[in-house]
Amino acid sequence: MVSPPNPNQSDSSLKQSLEAGLAALKQKDYQSAIALLESVTQTAANQPSGIRAQMGLVAAYKATANVKGAIALCRSLAKSPNPQVKTWADRALKELTPPRPPKPPANKPKSAETPPETGFVAFDAATKSPKQTPGGDGLRPASLRPTADKKTGFLPLEQTVEPGNAKSQPISPPPPPPTPPIRPTSEGGHGGTAPTETAPDTAEISDENSSASPTDIPGVASPDTYQLTWREAGRTAKIPRPLKPLKLLEFRIQAVASAIALFFLARFVLQFLLTNTNSLLVQLYIFSRLPIFAPIQLFYRDPTPFVQMVFGLLLASSPWLIDALLKLFCGIETLRGSVLSKHSKEASRVLRSYCTKQNMPVPVLKLLPLNVPVAFSYGCLPRFARIAVSRGLLEQLTDEEIATIFARELGHISHWDFAPMSLALLVIQIPYLIYWQVAHWQERLCDLMTIEFLRSAVKFVAAAISAISYGIYKLLRWPMLWVSRRRVYFSDRTAAEITGNPNGLTRALAKIAIGVAGNIEQQKQTSFFLESFDLLLPVGVGQAVTLGSAALHAPLEQILLWDVSNQERNWLTVNGAHPLLGERLKLLALYAQFWKLETELDLANAGVPEQPRKGKLSLFKSILEFKDSKLFLQGAPFFGIPMSLAIVGVLWLIGGIFSRTSIWQLDWLWGDRSIIWGCLPIGFSIGTLMRINYFFPDIIPRETASPSLPEILSNPESLPLDAEPVRLEGQLLGRSGMSNWLGQDLILQTATGLVRLHYVSRFGYIGSLWPFLFKETTRPSDLIGTSVVATGWLRRGATVAIDLESLRSQGGRVSDSGHPIWSAILAFAAAFWGAYIIIQGPR
């Protein structure tokens with residue numbers, strides 16, 4: 001009796017044949033490679049193994065001069081539904097099919113030097129940037145960039161000593177993978193580099209080195225073999241066609257409205273603090289009868305005039321106050337024009353020409369002696385505006401890329417959004433500095449104390465002040481988040497129009513994200529400067545942590561796919577100060593297409609198009625469809641609040657009906673406002689309980705995944721609701737001491753990038769601030785710098801994070817988190833609060 005074939009054995013045989021074929025291809029044994037890969041293609045043409053085999057066959061056919069066979073395979077792969085495979089096939093087909101040569105003039109004989117038609121076009125030196133010269137990269141003198149990395153465009157940030165500048169520590173991206181990188185196809189290609197950034201496989205179309213990695217998966221680049229390269233796409237040679245004018249009046253009105261909202265929120269927070277401080281003092285005075293605890297009469301006054309005066313002073317003196325802050329904590333200096341010209345002559349020209357055209361003074365230039373690449377503008381009026389750039393930005397970006405960043409900041413100044421953002425920055429700096437400095441100085445103060453009780457009391461008070469200040473800092477950011485996101489779109493577009501170089505700005509933003517992630521890896525923490533100045537930076541720190549680190553292990557198009565294709569992404573950015581990086585780079589690619597330029601990244605046509613609606617839906621049907629969507633469950637706690645108003649309407653209707661009958665026991669429901677205020681927290685509670693099981697599925701050790709970061713970022717459909725139980729290993733990074741007791745800065749450094757971690761003590765914030773009360777002595781901050789295993793729920797939204805269940809170090813120390821517990825406690829507390837409000841009735 002013949003047993004049926006085992007599918008596992010068949011898959012194993014296919015995999016072995018594929019790996020053997022790709023290994024033969026790498027060793028240039030093309031005949032063996034063709035035989036093996038063709039057998040895999042015939043058996044599994046539409047499976048991932050078959051697609052990889054076909055991609056390897058393209059390289060093998062090309063190497064054996066079978067150009068027609070390679071073209072036929074590329075045309076077949078170009079029809080693949082996988083966008084990464086399609087992009088790879090289109091580009092390979094473009095290289096395999098040369099453009100038709102122009103006809104020679106009738107009165108001029110054909111040149112004898114014309115190369116034969118081989119199916120490939122030799123690199124034409126004339127297509128290089130006119131600024132490149134044999135003596136250097138053309139963007140600055142070769143002597144200034146002796147060891148520039150030709151693949152990444154990044155410099156090893158050696159210590160440079162400028163007159164009056166402090167020495168900076170070197171910073172570099174994470175070390176390359178141990179496997180040797182695959183060389184580019186030639187010195188040509190797209191702007192001089194191999195088009196490997198968007199290829200889903202490493203089978204290169206090359207005569208010299210046709211290879212493929214057996215570990216690569218179509219659509220997900222292998223982090224072990226990927227090498228970051230830049231296409232160096234070109235720019236417009238003349239003034240670009242103008243785009244539609246921006247609606248700046250509407251934007252400026254919204255910016256002013258946001259600043260007003262910030263004023264009222266700051267006033268509310270201040271009044272809340274003053275009132276509760278006096279209430280606490282009254283209770284202490286009643287308990288102790290000590291005059292020292294007498295309430296402060298000044299705190300009972302209306303704080304509105306004081307807040308108005310503070311806001312006015314902060315706005316008027318914002319240039320000099322921010323100068324003082326940066327001088328005190330970062331050692332900021334004046335950036336001389338000669339130093340800027342040495343790094344980017346184009347930036348100097350852009351500054352002069354644009355300011356002359358706009359009839360505004362050239363901003364004061366400042367230099368931050370930091371290795372992290374950042375730039376921002378601040379001030380109150382254009383005549384007092386400043387543009388600050390870091391040494392890392394000048395050293396890691398090229399001439400034209402630096403110019404695009406300066407053009408971005410000029411856009412902020414010309415749009416006048418830099419003024420309200422400078423005011424907001426100073427307002428949020430007040431609680432942030434309290435948080436930072438209290439956490440810093442309590443350690444020194446406790447070192448001077450010998451009595452353990454006093455040290456514990458000082459620690460607890462300092463931790464409470466620091467934690468409350470950090471919470472206020474996060475709260476005060478909210479009114480300006482919408483304007484912060486909106487202004488980034490405007491400045492990116494203005495920079496592309498000023499320079500005619502959207503591709504240069506694309507590279508600049510991507511390199512800034514990579515540089516920020518590299519700085520965090522080098523410093524082993526997120527610096528206070530990066531977090532406190534996040535509102536003004538070109539790229540959000542939260543985005544840069546994951547995307548910047550993953551960009552060294554996978555193509556940018558792959559890791560930015562969620563940013564440009566997820567249907568619900570706009571709802572998930574409300575808590576961010578910057579729009580999605582992929583969305584920004586897609587817009588820049590569209591500008592490049594509009595100006596007939598090749599794009600640096602293949603994002604212009606990326607994304608899943610929305611399905612057209614079949615006629616108009618009724619309001620009721622639309623509500624039902626939304627109720628069944630994952631977005632509804634994602635935001636159920638917040639959607640529960642307006643839904644509770646419908647319950648209030650029903651209760652009022654019942655009360656109105658019974659008020660007109662003899663049943664008087666329920667007529668009190670009619671018009672009772674306490675029902676409104678009570679149902680709001682009850683609605684929040686119901687929504688939280690509806691979502692909690694989806695948000696925190698059971699973690700079963702044998703079913704817990706350990707995905708790589710590129711795999712996490714490659715799923716365009718995931719939402720934070722799709723909580724995947726994961727178990728990741730790596731080194732725990734973050735700030736040490738009291739500044740991280742609440743888990744403000746917890747980052748897991750894995751083999752394929754950085755992931756943020758969210759932590760909540762099982763005993764709440766009190767357990768985080770004073771764990772000795774509950775005998776929970778291990779905080780995540782106690783494990784900083786050690787190798788850990790993080791278990792929890794992966795959230796993929798505008799940023800990637802893991803809600804921790806536990807952190808376990810190699811030494812056996814465990815720090816447990818309590819996200820599900822506190823979600824349930826919050827839900828029940830809201831329900832009891834709402835019920836209490838209703839029972840108390842109107843007052």
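## Helix α6, the cores and a few odd loops

The buried residues of α6 are a good place to start: Phe251, Ala255, Ser258, Ala259, Leu262, Phe263, Leu265, Ala266, Val269, Leu274, Asn278 and Leu281. Keep in mind that this is a predicted model. An α-helix has 3.6 residues a turn, so residues three or four places apart point the same way. What sits over the buried residues of α6? The cover includes α7 (304-316), α13 and α14.

As for its length, α6 runs over residues 248-288, and at 1.5 Å a residue its 41 residues should span 60 Å; the C-alpha atoms at its two ends are 59 Å apart, so the two values agree. Just after α6 comes Arg289, with a positive phi near 60°.

Now for the nonpolar cores. The largest has 135 residues, and Leu326, Phe376 and Phe406 are the ones that touch the most other members. Helix α13 (residues 418-447) gives this core its largest share, 11 residues. Apart from it there is another core of 32 residues, which includes Leu18, Leu37, Leu73 and Cys74.

Which residues does Phe376 contact, once its neighbours within four places in sequence are set aside? They are Leu326, Leu368, Arg386, Ile387, Ala388, Glu409, Phe529, Phe533, Leu536 and Leu537. Leu326, then, is a contact of Phe376, and both are among the residues touching the most other members of the largest core.

Next, a helix pair. Helix α10 (residues 345-358) packs against helix α14 (residues 452-499) at an angle of about 100°, and their axes are 11 Å apart. An angle of 65 to 115 degrees counts as roughly perpendicular, and α10 and α14 are therefore roughly perpendicular to each other. On the α10 side, Glu346, Val350 and Tyr354 meet Thr494, Ile498 and Thr499 of α14. By type, the residues of this contact are 3 nonpolar, 2 polar and 1 charged.

Finally, two loop residues have a positive phi without being glycine: Trp416 and Lys524. Here they are side by side.

| Residue | Phi | Loop | Relative accessible area |
|---|---|---|---|
| Trp416 | about 70° | between α12 (399-415) and α13 | 38% |
| Lys524 | near 65° | between α15 (502-523) and α16 (528-532) | 36% |

Are these two buried, exposed or in between? Trp416 counts as partly exposed because its relative accessibility is 38%, and Lys524, at 36%, is partly exposed too.

Key. Residues numbered from 1 in each chain as written. Predicted model: local features only at pLDDT ≥ 70, side-chain atom pairs only at ≥ 80, totals over all residues. Heavy atoms only, no water. Core = buried A, V, L, I, M, F, W, Y, C linked by side-chain atoms within 4.5 Å. Buried < 20%, exposed > 50% of the residue type's maximum accessible area, 1.4 Å probe, protein only. Helix = DSSP H or I, 4+ residues; strand = E, 2+ residues; numbered from the N terminus. Contact = heavy atoms within 4.5 Å. Axes fitted to C-alpha atoms, helices over the stretch in contact; angles between N-to-C directions. Parallel < 35°, antiparallel > 145°, perpendicular 65-115°, else oblique. Nonpolar A, V, L, I, M, F, W, Y, C, P; charged D, E, K, R; others polar. Expected span 1.5 Å × (residues − 1).
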